[in-house]
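Student: I have a model open and would like to know what lies behind the labels people put on it. Could we go through some of them together?

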Amino acid sequence: MTAKISYDDVEAGTELPAQSFPVTRDTLVRYAGASGDFNPIHWNEKIAKEVGLPDVIAHGMFTMAEAARVVTDWTGDPGAVVEYGVRFTKPVVVPNDGEGAVIEVSGKVAAKLDDEARTVRVDLIATSAGQKVLGMSRAVVKLA
């Protein structure tokens with residue numbers, strides 16, 4: 001695959017399409033099975049509260065991956081992401097109310113890094129319930 005976005009067509013400030021990602025307890029159980037991370041704070045409300053959490057929380061790596069989807073959907077090529085990192089700032093709390101939580105993600109091209117390599121830095125903002133859940137969320141992306 002090759003990125004469908006051309007380096008020549010973007011500039012610092014170019015916004016990526018924002019996306020919303022619903023998260024339910026079912027989502028967390030499925031992710032636990034796929035990832036092998038069966039820590040009970042991600043599915044058992046009693047244990048989550050016993051360790052001081054407000055409720056069950058989403059896996060940090062799940063939250064990170066959902067945020068990255070904004071970049072990979074924009075480029076059309078997951079392989080275009082050459083670096084990606086975040087800091088986990090707040091957990092995504094997922095109540096057992098039939099609705100769960102929503103992770104809202106927006107992003108923009110922060111800088112054009114290398115004309116020859118055709119790379120840009122994309123900064124992402126991820127929130128849930130009005131709180132920023134990822135900090136320093138940045139990807140270096142190789143464009144067409």
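**Labels and the values behind them**

Tutor: Gladly! Let's start with Asp77: a polar atom of its side chain is 2.9 Å from the backbone nitrogen of Gly79. Keep in mind that this is a predicted model.

Student: What makes that pair of Asp77 and Gly79 atoms a polar contact?

Tutor: The cut-off is 3.5 Å between N or O atoms, with one able to donate a hydrogen and the other to accept it. At 2.9 Å, the backbone nitrogen of Gly79 and the polar side-chain atom of Asp77 are within that limit, so the pair qualifies.

Student: How do you know that Asp77 has no salt bridge?

Tutor: A salt bridge needs a side-chain nitrogen of Lys or Arg within 4 Å of a carboxyl oxygen of Asp or Glu. For Asp77, the nearest side chain of opposite charge is Lys142, 9.9 Å away, so the condition is not met. Asp77 is nevertheless buried.

Student: Where is Asp77 found, and what does Asp77 touch?

Tutor: Asp77 is in the loop between H3 and S2. Leaving aside residues up to four places away in sequence, Asp77 touches Met1, Thr2, Ala3 and Thr72.

Student: Why is Thr27 called partly exposed?

Tutor: Buried means under 20% relative accessible area and exposed means over 50%. Thr27 has 22%, so it falls in between and counts as partly exposed. Thr27 belongs to helix H1, residues 25-35, and it touches Pro22 and Phe62, not counting residues up to four places away in sequence.

Student: Now the sheet. Why are S1 and S2 said to stand at the edges?

Tutor: The five strands form an open sheet in the order S1-S3-S4-S5-S2, with antiparallel pairing. S1 (15-23) and S2 (81-88) each have a single partner strand, so one side of each is left without a neighbour in the sheet. From one strand to the next, the twist averages 20°.

Student: How do you know that S1 pairs with S3, and S3 with S4?

Tutor: Pairing takes at least two bridges. Seven bridges join S1 to S3 (residues 101-114), and nine join S3 to S4, so both pairs pass. Gln19 stands opposite Val105 in S3, while Val109 stands opposite Val122 in S4.

Student: What is Arg118 doing in the hairpin of S3 and S4?

Tutor: That hairpin has four residues between the strands, and Arg118 takes a positive phi near 60° there.

Methods: Residues are numbered from 1 along each chain as its sequence is written. This is a predicted model: local features need pLDDT of at least 70, side-chain atom pairs count only at pLDDT 80 or more; totals for chains, interfaces and linings use all residues. Side-chain values use heavy atoms; hydrogens and water are left out. Helices (H or I, at least four residues) and strands (E, at least two) are DSSP runs, numbered from the N terminus. Axes are lines fitted to C-alpha atoms, for helices over the stretch in contact, and angles run from 0 to 180 degrees between N-to-C directions. Buried means under 20% relative accessible area, exposed over 50%, partly exposed in between (1.4 Å probe, protein chains only). Lys and Arg count as positive and Asp and Glu as negative; His and the chain ends are not counted. Contact means heavy atoms within 4.5 Å.
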